[in-house]
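Visitor: Please take me slowly through one part of this protein, the site that its database record marks as active, and then set that part in its surroundings.

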Amino acid sequence: MNFGKVVTAMVTPFNEEKEIDYNALDNLIEYLIDNGSDGLVVAGTTGESPTLSNEEKLALFSHTVQKVNGRVSVIAGTGSNQTKGSIELSQAAEKTGVDAIMLVTPYYNKPSQDGLYEHFKTVANAVQLPVMLYNVPGRTSVDLAAETAIRLSAVDNIVAIKDASGDMDKLTEMVAQTDASFSVYSGEDAITLPSLAVGAIGIVSVSGHIIGNEMQEMIAAYEQGAVKKAAAIHQRILPVMQEMFAAPSPAPVKAALNRIGVHVGGVRLPLLPLNDEQLQSLNHKLDLFEKVK
């Protein structure tokens, strides 16, 4: 299943009291749709999912679905390290009208590969929605093996994976050994272009908040055979991608959005906003980028 080329893992806007700011969310959704996002992941890692209650997540899903109104895909982050809890949230999310759910590898309890298979299969079988797997070992300490992802791709409604392992061999193996209807997405902005070269369909992105149009341009150039043009775009936007992860995400991308007038507020504890040195570095990189746009 194709959710688009650039799917943005959307931040959750907060007001000064660190409550969800729905007016800011509306503005953010419109901005993202107008600036290169083919789809939106709601309440994923970048949406600060660990700090959101299930009630907040469901409210975000419902509000985003209504605001998007079918213009782009809406993917709800419903995975956790508790299979029963993941099922309950996924079933509730299904009722909000989202297009798909994203299930992260269970963190902290460190299941085996067979445990991961049974977890994902069990949650997928409990809903009718398409499922995108999410492998991000840098955050979960659990790495979904290529063999397990390939095995899971045979489950009818498991239709895609966002792989943020940064392992190009794994990405290549998953592309090569899954059906063409199964979509492999990079989950690492900085390797979007090389991921396309081995067969990935696109990127589930943080940087898409700031350079969504440029990422679309790079992908289009590559697909049209203009490889040197795609490489030049990649070289130009790479410093922005790197800066989005220079501090714990999503603090940098929220600061970048606030800088351009797309106000999304700060982050919830235990994350912190950028300090003065980090903000200076971010502004410097964005200034350089804007000069060569």
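Guide: The helices and strands named here are DSSP runs, numbered from the N terminus, with at least four residues (H or I) for a helix and at least two (E) for a strand. In those terms, Arg71 belongs to the loop between α2 and β3, the latter covering residues 73-77. The model is a predicted one, and every value below has been computed from it.

To begin with the whole, the protein has twelve helices and eight strands. Its radius of gyration is 18 Å, close to the 19 Å that the globule rule gives for 293 residues, and it is therefore as compact as a globular protein of that length. The C-alpha trace spans about 50 × 45 × 35 Å along its principal axes, and 54% of the 293 residues count as buried. Among contacts with a separation of 6 or more, 72% join residues 24 or more positions apart.

Now to the part you asked about. An unreviewed UniProt entry places the feature "active site" at Tyr134 and Lys162. Although these two residues are spread over 29 residues of sequence, they cluster in space, with a largest C-alpha distance of 4.8 Å. Of the two, Lys162 is included in the lining of the largest cavity.

Tyr134 is found in strand β5, which covers residues 131-135. Its relative accessibility is 6%, and since buried means under 20%, Tyr134 counts as buried. Once neighbours within four places in sequence are left aside, Tyr134 is in contact with Thr45, with the run Met102, Leu103, Val104 and Thr105, and with Lys162 and Ala164.

Lys162 has its place in strand β6, residues 158-163. With a relative accessible area of 6%, Lys162 falls under the 20% limit and is therefore buried. Not counting residues up to four places away in sequence, Lys162 touches Met102, then Met132, Leu133, Tyr134 and Asn135, and further along the chain Tyr185, Ser186, Gly187 and Val204. The contact lists of Tyr134 and Lys162 thus name each other, and Met102 appears in both.

The enclosed space beside Lys162 can be described next. By the rule applied here there is one cavity of 30 Å³ or more, and the largest cavity holds about 30 Å³ of space. Its lining consists of Ala9, Val41, Gly44, Thr45, Thr46, Met102, Lys162 and Val204, which divide into four nonpolar, three polar and one charged residue. Met102 and Val204, both on that lining, are also contacts of Lys162, while Thr45 on the lining is a contact of Tyr134.

The open pockets bring some of these names back. The second largest pocket has a volume of about 240 Å³, and of its 16 lining residues Tyr134, Val136, Arg139, Gly187 and Phe245 lie nearest its centre. The elements that give two or more residues to this lining are α5 and β8, the latter covering residues 202-205. By class, the lining has six nonpolar, six polar and four charged residues. Tyr134 is therefore a buried residue by its accessibility of 6%, and it is also one of those nearest the centre of this pocket.

The largest pocket holds about 670 Å³ and is lined by 29 residues, with Thr45, Ser49, Pro50, Gly79 and Tyr107 nearest its centre. Two or more lining residues come from each of α2 (54-68), α3 (83-94), β4 (100-104) and α5 (137-140), and α3 supplies the largest share, four residues. The lining is made up of eleven nonpolar, 14 polar and four charged residues. Thr45, among the residues nearest the centre of this pocket, is the contact of Tyr134 named above.

Two other residues help to set the site in context. Lys170, in helix α7 (residues 168-177), has a relative accessibility of 7% and so counts as buried; among the residues it touches beyond four places in sequence are Asn135 and Asp163, and Asn135 is a contact of Lys162 as well. Arg71, by contrast, counts as partly exposed at 41%, because that value lies between the 20% and 50% limits. Beyond its neighbours in sequence, Arg71 is in contact with Glu30 and Ile33, and its C-alpha atom is separated by 8.5 Å from that of Asp38, which lies 33 residues away along the chain.

Note on methods: Residues are numbered from 1 along each chain as its sequence is written. This is a predicted model: local features need pLDDT of at least 70, side-chain atom pairs count only at pLDDT 80 or more; totals for chains, interfaces and linings use all residues. Side-chain values use heavy atoms; hydrogens and water are left out. UniProt positions are given in the numbering used here, feature names are shortened, and annotations may be inferred rather than shown by experiment. On a 1 Å grid over the protein atoms alone, a cavity is a set of points where a 1.4 Å probe fits but cannot get out, and a pocket is an open set with protein on both sides within 12 Å along at least five of seven lines; lining residues have an atom within 4 Å of a point. Buried means under 20% relative accessible area, exposed over 50%, partly exposed in between (1.4 Å probe, protein chains only). Contact means heavy atoms within 4.5 Å. Grid points are joined across faces, edges and corners, and a volume is the space filled by probe spheres set on the points. Ala, Val, Leu, Ile, Met, Phe, Trp, Tyr, Cys and Pro count as nonpolar, Asp, Glu, Lys and Arg as charged, and the others, Gly among them, as polar. The radius of gyration is taken over C-alpha atoms; the globule rule is 2.2 Å times the number of residues to the power 0.38.
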